[in-house]
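Me: Could you zoom in on one pair of helices in this model and talk me through it slowly? After that, please carry on into the other parts, so I can practise reading the picture.

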Amino acid sequence: MKIKLIILSAFLPFFASAQNNFTITGKIGNLNAPVKVHLDYTDNGPGHTDSATLVNGTFSFSGHADDISTARLSLDHTGEGKQMSVFKGNDNIYIYFANEHMTITSNDSLINAKVTGSKVYDEQQAYNKTIGGSIMEIDRIANGRFSSGTAEQQKDTNFIKPIDAWFRKKIKDRTAAQIQFAKDNPHSFYAIVALTESAGSKLNVAEVEPIYNSIDEKWRITGPGKDLAKRIKAAKEIGVGDPAPLFTLNNAEGKPISLADLKGKIVLIDFWASWCEPCRAESPNLKTQYQLYKDKGFEIISVSLDTDKKSWLKAINDDGLTWLQVSDLKGYRSEAVKSYGIGGVPSFFLVGRDGKIIANTDIQGAPLNAKLAELFKN
């Protein structure tokens with residue numbers, strides 16, 4: 001059954017005209033320095049970042065969006081900096097907006113804030129309600145249930161299992177609802193959002209492409225729409241036996257490192273980020289495999305999706321990673337990331353000596369170890 005949504009075409013001029021800008025003004029209690037609000041947003045181009053110190057609870061941002069923008073607002077209660085406030089993750093909101101005049105009000109926090117003045121945000125709320133809530137909302141409920149337990153309960157698998165089962169079912173149901181939403185609402189920008197999120201890290205071309213092609217062209221030519229098109233293209237072209245797309249990215253010292261220069265070696269391309277816990281959890285195994293085979297022609301090139309250089313370098317140092325580390329600090333906007341159709345991290349591609357893909361996405365942990373043992377058995 002189709003739901004009734006606000007159609008964004010009514011305000012396309014908001015982001016089509018260079019004369020219009022957006023404003024985000026807010027009032028969060030009576031908070032003052034060192035409390036800050038950090039804004040990161042991406043439209044059809046490079047990412048943008050800004051911050052504002054609260055004065056009697058007030059803050060404001062302004063700028064121009066060439067497209068519908070996806071943004072993260074984080075409230076830094078202690079003045080420790082954006083990365084720490086994002087890492088803690090307890091007062092961040094993720095929103096879409098255009099060249100509109102948005103107002104955010106709350107007595108104490110961003111997650112409890114009321115947002116007004118944005119039709120794009122209003123439709124986002126309607127979309128989230130239809131699909132069963134945002135990832136952040138589901139995550140908060142699950143974490144709340146876990147936190148409600150005693151210290152002993154939190155160590156008890158009988159306490160943890162039902163929470164985990166609830167979380168997994170919610171995500172599964174949400175994914176199904178997103179696919180249905182994209183099918184039922186081709187005139188909505190959020191059909192692109194729904195399809196992108198439901199596709200996950202391993203995109204099913206047969207399912208996703210027909211739905212994508214049915215969505216209005218005006219949404220397919222937005223930044224998110226173009227990104228999804230690139231993921232579909234990559235999923236069709238980057239399979240086992242296909243040539244690995246070449247890229248050149250700088251290492252921490254600014255020296256360009258090219259995948260082409262590694263031809264003749266067995267190469268694991270590791271897409272990761274400092275903020276990705278599953279990525280960091282795989283590091284000890286990668287260290288073991290690297291030590292086993294590096295002298296036999298094995299190389300790892302880790303492509304970071306970080307946007308903050310300090311966080312990237314700290315993670316490399318903290319985890320003791322000694323192989324090739326590269327990044328353009330553009331996150332998911334990186335052309336190298338797009339060329340491989342990366343929808344989530346960690347993602348891995350194992351490349352043979354001839355430059356062709358041997359295995360992809362699922363090749364980590366025990367499957368990776370077994371494959372490397374097979375390749376280097378002689």
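Reply: Let's begin with a rule for angles: when two helix axes cross at over 145 degrees, they count as roughly antiparallel, and under 35 degrees they count as roughly parallel. Keep in mind that this is a predicted model.

Now find helix α6 (residues 190-199) and helix α7 (residues 205-214). Their axes come within 11 Å and cross at roughly 170 degrees. That is over the 145 cut-off, so α6 and α7 are roughly antiparallel to each other. Which residues make the contact? From α6 you get Ile 192, Leu 195 and Ala 199, and from α7 you get Val 208, Ile 211 and Tyr 212. Sort them by class and you have six nonpolar residues, with no polar and no charged ones.

Next, try the rule on another pair, helix α10 (residues 277-293) and helix α13 (residues 365-375). These axes also come within 11 Å, but the crossing angle is roughly 5 degrees. That makes α10 and α13 roughly parallel, because angles under 35 degrees get that label. On the α10 side, the contact uses Glu 282, Asn 285, Leu 286, Gln 289 and Tyr 293. On the α13 side, look for Gly 365, Leu 368, Asn 369, Leu 372 and Ala 373. The class count here is five nonpolar, four polar and one charged.

Time for some strands. What about strand β11 (residues 266-272), buried or exposed? Seven of its seven residues are buried. Ile 266, Leu 268, Asp 270 and Trp 272 point one way from β11, while Val 267, Ile 269 and Phe 271 point the other way. Strand β12 (residues 298-304) pairs with β11 in the parallel sense, over seven bridges. To check this by eye, pick Leu 268 and look opposite: you should land on Ile 300 in β12.

Strand β5 (residues 69-76) is another covered one. Seven of its eight residues are buried, so the rest of the structure largely encloses it. Strand β2 (36-42) pairs with β5 in the antiparallel sense over seven bridges, and there Val 37 stands opposite Leu 75. β5 also pairs with strand β6 (residues 92-97), running antiparallel, with six bridges joining them. In that pairing, Arg 72 of β5 faces Tyr 94 of β6.

How are the four strands of the open sheet ordered? Going across, you meet β4-β1-β7-β8, and the pairing is mixed. At the edges sit β4 (58-63) and β8 (114-116), each pairing on one side only. On average, neighbouring strands in this sheet are turned by 15 degrees against each other, ignoring direction. Inside the sheet, strand β1 (residues 22-28) and strand β7 (residues 101-106) pair in the parallel sense over six bridges. For a landmark, Lys 27 has Thr 105 in β7 as its bridge partner.

The loops have a few quirks too. Between β1 and β2 you'll find Pro 34, and the peptide bond leading into it from Ala 33 is cis, with omega near 15 degrees. Another cis bond runs from Val 345 to Pro 346, with omega near 5 degrees. Pro 346 is in the loop between α12 (335-339) and β14 (347-351).

Then there are two backbone oddities. Asn 56 isn't a glycine, yet its phi is positive, at about 50 degrees. You'll find Asn 56 in the loop between β3 (47-53) and β4, partly exposed at 41% relative accessibility. Leu 329 has a positive phi as well, about 60 degrees, and isn't a glycine either. Leu 329 sits in the loop between β13 (324-326) and α12, and at 26% relative accessible area it is partly exposed.

Finally, how confident is the predictor? The chain averages a pLDDT of 90, and 93% of the residues score at least 70. Over residues 1-19, though, the pLDDT is below 50, and that stretch has 41 contacts in the model beyond near neighbours in sequence.

Notes: Residues numbered from 1 in each chain as written. Predicted model: local features only at pLDDT ≥ 70, side-chain atom pairs only at ≥ 80, totals over all residues. Heavy atoms only, no water. Axes fitted to C-alpha atoms, helices over the stretch in contact; angles between N-to-C directions. Parallel < 35°, antiparallel > 145°, perpendicular 65-115°, else oblique. Contact = heavy atoms within 4.5 Å. Nonpolar A, V, L, I, M, F, W, Y, C, P; charged D, E, K, R; others polar. Pairing = 2+ DSSP bridges. pLDDT = per-residue confidence, 0-100. Buried < 20%, exposed > 50% of the residue type's maximum accessible area, 1.4 Å probe, protein only.
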